[in-house]
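Visitor: I am new to reading protein models, and I would like to learn how to go from a picture to careful statements. Could you take me through one, feature by feature?

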Amino acid sequence: MNPRRPSKPIKIGSVTVGGDAPIAVQSMTNTDTRNVKATVDQIKELEELDCELVRVAVPDAEAARAIIAIKKGISIPLIADIHFDYRLALAALEAGCDGLRLNPGNIGEADRVKAVVLAAKERSVPIRIGVNAGSLPGKADPELSVAQRMVAAAMEQVRLLESLDFDLIKVSLKAFDVPTTIEAFIDIAPRIPYPLHIGVTEAGTLKRGIVRSTVGIGTLLYMGIGDTIRVSLTAHPREEVIAGYEILKSLNLRQHGPVLVSCPSCGRADIDIVKLAEDVEERLSKMDKPIKVAVMGCEVNGPGEARDADVGIACGKGRGILFRKGEKLRVVEEKDYFEALMAEVEGL
Ligand code: SF4
């Protein structure tokens, strides 16, 4: 695994992104931003899951104004997502957003971007230059690949912001196509000193979206690229936060609550290991301890295969073995598998 690419840290509200700061997990609400209660309720739910940054869509002036009330009800920094109308960016800044996301493909002329940058600078609010493959500015140059065009669009905006003496910058380059996304980030990574927000856009519904996002985000993180991640899913944003942490945990980049090791089950298993693993996962999801818990389908291979688990159960026919770091603790009756394992987990 490559060391993390050095970047210039920025502060979005209370959260540092880039530098040596932990790779931040973010999500975006799917409520109507003008509905303050629904938006605050959803953000509170994301906060419970340790979402660290949240973005809200700002489609009109009313949504921009709603940021004032939303901010009062939440604890994590809020980023305003702006498309098309630079005046909404100004209104969102006025309303107290902690970060801005601008799409260079549709925000318009340099003068408009300049007005936003000056207002953001006054308030020390960072701007993400969020390039999307689906909305690139200008005419397509047949000489350039989509990834190269995405990088060119981002670099033009970066230079514009730098020319205004603004460096609270974060950049993202997202496409639905995973290789395009990866190529674009690899291309831009050595060219700029700013933190990178990585993700695969319009990735899809829960299962397929997680796979696409994990391939894209995971590949980049393994290469040392990425300072904050969003797993874009056509699902409740809580799933994005859960998936985000799972990706970071699987690369040992963050610790976040327990890790469940469960075997895929095979002909040696005598019980419904899927059900037991799901029950254990559900209970573990409410815990903060950074422990490794194993649910294994047989006594023959289970304890050995999950040797590094802090605690685990290897389920045999009618009776199973509770083990710790591969060492047998005691024999447990089948009806007690779940409770015995959880009691051991609680005691750690
Ligand atoms: S632990 Fe046992 S049941 Fe599970 S996959 Fe391995 S051999 Fe099969």
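Visitor: Let me begin with the bound molecule: which residues surround the ligand?

Guide: Please keep in mind throughout that this is a predicted model. A residue is listed here when one of its heavy atoms lies within 4 Å of the molecule. In this structure the ligand is surrounded by Cys263, Pro264, Ser265, Cys266, Arg268 and Ala269, together with Gly297, Cys298, Asn301, Gly302 and Glu305.

Visitor: How many residues of the shell around the ligand are nonpolar, polar and charged?

Guide: Sorted by class, the shell has five nonpolar residues, four polar ones and two charged ones.

Visitor: Ser265 is in that list around the ligand, and I would like to know where along the chain Ser265 lies.

Guide: Ser265 belongs to the loop that runs between strand β11 (259-262) and helix α9 (273-284). Its relative accessibility is 29%, and because that value falls between the cut-offs of 20% and 50%, Ser265 counts as partly exposed.

Visitor: What should I look for in the backbone angle phi?

Guide: The general idea is that most residues other than glycine have a negative phi. Against that background, Ser265 has a positive phi of about 70° although it is not a glycine. Ser124 can be read in a similar way, with a positive phi of about 55° although it is not a glycine, and Ser124 is found in the loop between α4 (110-123) and β7 (127-132).

Visitor: Helix α9 was mentioned as an end of one loop; which residue could I look at inside helix α9?

Guide: Asp279 lies in helix α9, and at 28% relative accessibility Asp279 counts as partly exposed. Sequence distance and spatial distance are separate things to read, as Asp279 and Phe338 show, being 59 residues apart in sequence and 7.8 Å apart in space, C-alpha to C-alpha.

Visitor: Is Ile247, by contrast, buried or exposed?

Guide: Buried means a relative accessible area under 20%. Ile247 has a relative accessibility of 4%, and therefore it counts as buried. Ile247 is found in helix α8, which covers residues 237-250, and leaving aside its neighbours within four places in sequence, it is in contact with Thr214, Ile217, Gly218, Leu221 and Val231. One of these partners, Thr214, is 33 residues away along the chain, while the C-alpha atoms of Ile247 and Thr214 are separated by 6.5 Å.

Visitor: Which residues does Ile188 touch, when those up to four places away in sequence are not counted?

Guide: Ile188 touches Val151, Ala154, Met155, Val171, Leu173 and Leu196 on that count. Ile188 lies in helix α6 (residues 178-188), and because its relative accessibility is 0%, Ile188 counts as buried.

Visitor: And what does Lys328, in strand β15, show about accessibility?

Guide: Lys328 has a relative accessible area of 55%, so it is exposed. Strand β15 covers residues 327-333, and Lys328 touches Ile321, Leu322 and Phe323, again not counting residues up to four places away in sequence.

Visitor: When I step back to the chain as a whole, how many helices and strands are there?

Guide: The secondary structure of the chain comes to eleven helices and 15 strands, and along its principal axes the C-alpha trace spans about 75 × 45 × 30 Å. Buried residues make up 51% of the 348 residues. Among contacts between residues at least 6 apart in sequence, 63% join residues at least 24 apart.

Visitor: What can be said about the surface and the charges of the chain?

Guide: The chain exposes about 15,800 Å², and carbon and sulfur atoms supply 51% of that area. As for the charges, there are 45 positive and 49 negative ones, and their mean positions are 1 Å apart.

Key
Residues numbered from 1 in each chain as written. Predicted model: local features only at pLDDT ≥ 70, side-chain atom pairs only at ≥ 80, totals over all residues. Heavy atoms only, no water. Helix = DSSP H or I, 4+ residues; strand = E, 2+ residues; numbered from the N terminus. Buried < 20%, exposed > 50% of the residue type's maximum accessible area, 1.4 Å probe, protein only. Contact = heavy atoms within 4.5 Å. Nonpolar A, V, L, I, M, F, W, Y, C, P; charged D, E, K, R; others polar. Areas by Shrake-Rupley, 256 points an atom, 1.4 Å probe, with all protein chains shown as cover. Lys, Arg positive; Asp, Glu negative; His and termini not counted. Charge placed at Lys NZ, Arg CZ, Asp CG, Glu CD.
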